[in-house]
Amino acid sequence: MAKILIIHGAGMNMRGKVQTEIFGTMTLPEYDERIRGYAAELGLDVELFHSNIEGDVVNKLYEANDRGFDAALFNPAGFSRGYPALVAAIGQVKFPTIEVHISNPVRRGPVSETATVSQGMVTGFGVAGYYLALRGLHDMLAK
């Protein structure tokens with residue numbers, strides 16, 4: 001069973017509490033529950049992680065690399081721009097990373113810097129974007 005790290009970046013703990021006109025009313029624990037359901041449906045093992053601290057995310061990526069994870073999904077949220085250590089970490093791990101955004105961030109400004117080192121991006125589909133990204137990883141890893 002493929003092991004996938006799910007990383008929620010800075011500010012994801014505020015989902016469902018603020019900016020609901022952009023991100024909706026679903027909270028981070030509700031996202032996690034839905035993501036676990038998607039993973040179970042696809043036969044994937046997921047580990048969920050959230051931090052508002054860049055260094056914690058960098059360390060988690062390196063730890064996952066050392067533990068032999070097969071891939072990662074990353075919603076950078078507030079870490080989309082201006083975090084070169086995070087960009088470097090994503091580029092250094094052995095596994096593919098897919099960037100996921102609940103909304104379409106391009107509508108609000110410049111493209112994410114972390115996307116430049118990600119295998120792909122899924123944006124604008126709400127929580128279903130996590131399913132689409134997990135499905136893509138499932139199929140990619142099966143080859």
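The following exercises, each with a worked solution, concern the predicted model shown above.

Residues are numbered from 1 along each chain as its sequence is written. In this predicted model, local features need pLDDT of at least 70 and side-chain atom pairs count only at pLDDT 80 or more, while totals for chains, interfaces and linings use all residues; side-chain values use heavy atoms, with hydrogens and water left out.

**Exercise 1. Determine how the axes of helix 3 and helix 4 are arranged, and which residues make the contact.**

Step 1. Two packed helices are described by the angle between their axes and the distance between the axes. Helices (H or I, at least four residues) and strands (E, at least two) are DSSP runs, numbered from the N terminus.

Step 2. Helix 3 covers residues 54-66 and helix 4 covers residues 84-92; their axes come within 9 Å and cross at roughly 10°. Axes are lines fitted to C-alpha atoms, for helices over the stretch in contact, and angles run from 0 to 180 degrees between N-to-C directions.

Step 3. Helix 3 and helix 4 are therefore roughly parallel to each other. The cut-offs are under 35 degrees for roughly parallel, over 145 for roughly antiparallel, 65 to 115 for roughly perpendicular, and oblique for the rest.

Step 4. Helix 3 contributes Glu54, Val57, Val58, Leu61 and Tyr62 to the contact, and helix 4 contributes Pro84, Ala85, Leu86, Ala89, Ile90 and Gln92. Contact means heavy atoms within 4.5 Å.

**Exercise 2. State where Phe95 is found, and whether Phe95 is buried or exposed.**

Step 1. Phe95 is found in the loop between helix 4 and strand 4 (97-101).

Step 2. The relative accessible area of Phe95 is 6%, so Phe95 is buried. Buried means under 20% relative accessible area, exposed over 50%, and partly exposed in between (1.4 Å probe, protein chains only).

Step 3. Not counting residues up to four places away in sequence, Phe95 touches Leu61, Ala64, Asn65, Phe69, Asp70, Ala71 and Ala72.

**Exercise 3. Describe the salt bridges of Glu63, and the pair formed by Arg81 and Glu113.**

Step 1. Side chains of opposite charge can pair when their charged atoms come close. A salt bridge is a side-chain nitrogen of Lys or Arg within 4 Å of a carboxyl oxygen of Asp or Glu. The whole structure holds eight salt bridges.

Step 2. Glu63 meets Lys60 in a salt bridge of 3.4 Å, N to O. Both residues lie in helix 3, three residues apart, about one turn of the helix. Lys60 is buried because its relative accessibility is 12%, whereas Glu63 is partly exposed at 34%.

Step 3. Arg67 also meets Glu63 in a salt bridge, at 2.8 Å, N to O. Arg67 is partly exposed, at 44% relative accessibility.

Step 4. A further salt bridge joins Arg81 and Glu113 (3.6 Å, N to O). This pair links distant parts of the chain, 32 residues apart: Arg81 is in the loop between strand 3 and helix 4, and Glu113 is in the loop between strand 4 and strand 5.

**Exercise 4. Compare the settings of Gln19 and Ala77, each with phi near 50°.**

Step 1. Most residues other than glycine have a negative phi, and most peptide bonds are trans. Phi is positive, near 50°, in Gln19 and in Ala77.

Step 2. Gln19 is found in the loop between strand 1 (3-10) and helix 1 (20-23), whereas Ala77 is found in strand 3 (residues 71-77).

Step 3. Gln19 is partly exposed, at 40% relative accessibility, while Ala77 is buried, at 18%.
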